[in-house]
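Biologist: Got a minute to walk me through this one?
Modeller: Sure, let me pull it up.
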Amino acid sequence: MHIKKLYIKDFGIYSNASIDNISPGIVVLGGKNRAGKSTLMKFLRYFPYGFSKSLDIPDCRIEYEGEVQMLEGNEEYNIRVKGFSDPLITAYSSKKSYKKNLYGKIDSLTYREIFTISLDELQKVDKKNEKIQSLLLGAGLKEIIKIPKLIAEMKKEGGKIGGKNGNPKIKLFKQDYISISEGLNIKEKALHQLDEFKEFKDRLKAVEQKIHTVENIKDSIEDKIFILDILKNNYEIYREMNNIDVNLGSGEHRYVYENFIHKHLSLEVLNNIKDEYVKIQSEYNRLKINFSQNLQDSGKIEEDFDLYGDKLKEMELSISGLKEKIKNYNFSFNEYRNSKREINRDIIDINKHWIDNFAYILKVDTEELSFGHLCENIDELKRCKDKIELLNSRIEELSNRKKLITEENSKPAFAIINNYFVICALISLFFIFLGLFIYSFNKILGIIASLIGGALCHSIFNSIYFNSKKNRENSIDRDRKNIHQELEKNKELLKKINVRKNELSHILDEYKDKLGIEDKNIPLDSIKDYFRIIRDIKKRVIDLGYTLENIKKLKEEISLKLNNMLDIIFIFEGDLKDSVKLSRENVESHIISSSEYIFEFVKKLNNIRNNYTDFKNIKIMKSAMEEDILKKFQLDISEKNSTDFLSEIDKNIENFNIYYDYKINLERYENLKRRLIHSLKLEKVKKILLKSLKNTDDSDIFAAFKKYIENYISREEIDREISDYNQKFKNEMLKLENLKDERLNIKEFMKKLYSSEDIYKAQKKIDSGRRALKVKAEEYAIYNAAAFILEKVQKTFIDNAKDTILGSASDILSNITQGEIVSVLPPDDLTEYDFKTCNEDGKLNETTDILSRGTKEQLFLSVRLSRIKEIKENLPVIIDDSLVNFDNNHLKNVIGVLKKLSEENQIFILTCHSELVKLIYEEDRNAQFFKIDQGSFSEVEGNVLSDYLG
């Protein structure tokens, strides 16, 4: 599931902001501080579940509102959130709308804590955050994470029952242990006093029988006194009811009451009806006069308004839009003429024969002619000319060199070895002077030295001469051959380039013909400019054609609507007294310029229509009220036209007063009767009054009461009988008290003895104590066994699951840290929001507190990404500047992980850091980039966004 389109109408800084065609992969939204990134994060985080007042969200301008278009497989959904209501989800395929959790089984807390990642949420704040820890660990440890608490609770509950070791003399065991001990003592003593206890038990039984007899007599007297009190207390009520019953016997008032009771009218309602009818009658007369003035025939215009009234209203509503269209038409027509003049002015510089004849320009097929190909040919022709010039210079240079080498070869060899001859001569002179020097000491040795020096110089000179001559000849031949080869090669290349030059010249001549260039000697660069000018003018001519078509369509649309208005105007024109006769032909021929008159007439007709609507509404209201009055007064509707409604209302007001007085008396009688029956509904009263009846109702109780009370002439007679019964009651109470004192004395003496019953109670107490002790002992054993089992389950589960539960998180963290951390393990206390880590050297880090801030954030990011991969629902992931503390190497690794995750989940990255944007752009060319600026979005290239943020 991924977000395809986003529209935020009102949320914080955003107002009517939208993003279309959102990529299903990585989407980077970059902006500077206070550009709206955090606000966007909160919108993406909460919109699937709706907004509420309890959330930490920014204020809205009017009412929170936004729409999101999402794609899940082949099904497309539109989600609309407004105010604090639940999101409204519409499926495009079925067009059905419904309200539910958009993200299925993923609740709001899970999505907020797992799929939306900010920098603060990666930094561990509270080590005892069990809820977040449970979400991060997921299905693997979601239930086992509760075990540490359960173990503590089990041990605590077990300790309450029997302490640490289960001693029966302490805690909850203590009371049952004491009860068993007391029972054993009582049982032993009771066995010695059993016989004496039996005698007192028989005596106690006889006394209790006498007490029972006296209590029955007492209860009977008490019932008689009670019923006499009831008669006494209700005597006045009964007499008042008799008096009211006499007054209700009037026949005339009873007839009015029975006729009026079904009308369900009150004095307030009747007075309101009268006031409202008088008011409607007055308003009806006023509106009738207001509507009828300035009309020829009010009956005909009423029919016309009924037929065309809605059309008139629509026309008046459309006037402002038509005025705007007429304004646009005039503006567009002026723009069209100005554009046409500008094109003609630009055409003069190209071809004066094309003025006002744009067909020639449209014939030039600039689309068929490739500007790029033209530029390439021109550039190639320039290069050919430059090469020809260079080759000609090179050929001339090679020819001159060849000539010089030939002349050099004709020079004598001595001219070449002059330098060697001078050197040899100098050496010979040196030996001659040396010989002369030696000759002054030794003549023979001096002559030999001179001869050897001369012979040596001669030999060296001959060798140098012949070698130099041979080398010189070889070198000249070799240079002559190389120059000849290069000269021929350049001539061949010159020939080819001349052929290509002629081809390119021919191609450019064809371009000139197609572009209509008359000057064949136009400079090459000018052809490009000419092409661009023609292409630009052609585009402007085409755009001008589209503009003209739009102007014509707009004129037709305006004319059609104005003619429709004119049709309605001519229907109503004869209905008005002071209407001006118009010539339809003159108006239609200048329909747009006559629009203001048409609009004024339509407004005038609508004012009259409004008066007619008011009159019609009050007429309907008056008729409806008269029918309602007839219905409420239960009169025949056929007598509507002959009825004097005000007189009829006054008559009903008078009858209501009679009805009301009778109703008050009747209600008083019924209230008194209800009060009387209510006082008789006591179970004791019913039992006394209706001794012989099984099934009774209120009428039976009232009849029995009436039968009783009619035996007494006055209330004083009842008082005398009550006094007699009170004296009898006192005598019986005295007997009862004496018997009870005797019973109490017997019981007091029996308490000092133990009976067989005491033995039974003692045994019962022993058995009860043992049973209770057994139950508590079993409960104590259960708690301790449960704690032991849970400890074993927790240890076994963690030992078996270390390599599987957080395996995916270990792989992700290993990739990010380039193998520095190889695994992530759960903590010993699973309720702690913490993890263990293992380094590549095998060192185990017991807590994340010892890790650097960046590594700690990488760890918690890995756990979250691992959890996201495990969840089947591929929901959008939102990351808000959570990667700022990572260096470039780790950041590249994280981007690699996110790139792989984006194959399944859409990822939104909100940032203000240019380096992060740059790295994502380099690592993932499929990523999409948006610039956020003061609550608006614009799609840009990654490098552009990076430069903007830099």
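Biologist: How many residues sit between strand 5 and strand 6 in their hairpin?
Modeller: Five residues lie between the two strands. One thing to keep in mind: this is a predicted model.
Biologist: OK. And which residue in that turn has a positive phi?
Modeller: Gly83, with phi at about 60°.
Biologist: How many bridges join strand 5 to strand 6?
Modeller: Four, and the strands run antiparallel. Strand 5 covers residues 75-82. As for a specific pair, Ile79 has Ile89 of strand 6 as its bridge partner.
Biologist: Which side chains of strand 6 are buried?
Modeller: Ile89 and Ala91, which point to one face. Leu88 and Thr90 point to the other face and are not buried, so the side chains alternate along residues 88-91.
Biologist: Switching topic: what's the strand order in the six-stranded open sheet?
Modeller: The order is 8-12-13-3-14-15, with mixed pairing.
Biologist: Why do strand 8 and strand 15 each have one side without a neighbour in the sheet?
Modeller: Because strand 8 (116-118) and strand 15 (936-940) stand at the edges, each with a single partner strand. On average, neighbouring strands there are turned by 20° against each other, ignoring direction.
Biologist: How do strand 3 and strand 14 run, parallel or antiparallel?
Modeller: Parallel, joined by four bridges. Strand 3 spans residues 26-30 and strand 14 spans 928-933. Leu29 has Phe930 in strand 14 as its bridge partner.
Biologist: And which helix packs on that sheet?
Modeller: Helix 1, residues 37-46. Helix 1 touches strands 3, 8, 12, 13, 14 and 15, and its direction makes about 155° with that of strand 13.

Conventions. Residues numbered from 1 in each chain as written. Predicted model: local features only at pLDDT ≥ 70, side-chain atom pairs only at ≥ 80, totals over all residues. Heavy atoms only, no water. Buried < 20%, exposed > 50% of the residue type's maximum accessible area, 1.4 Å probe, protein only. Pairing = 2+ DSSP bridges. Axes fitted to C-alpha atoms, helices over the stretch in contact; angles between N-to-C directions. Contact = heavy atoms within 4.5 Å.
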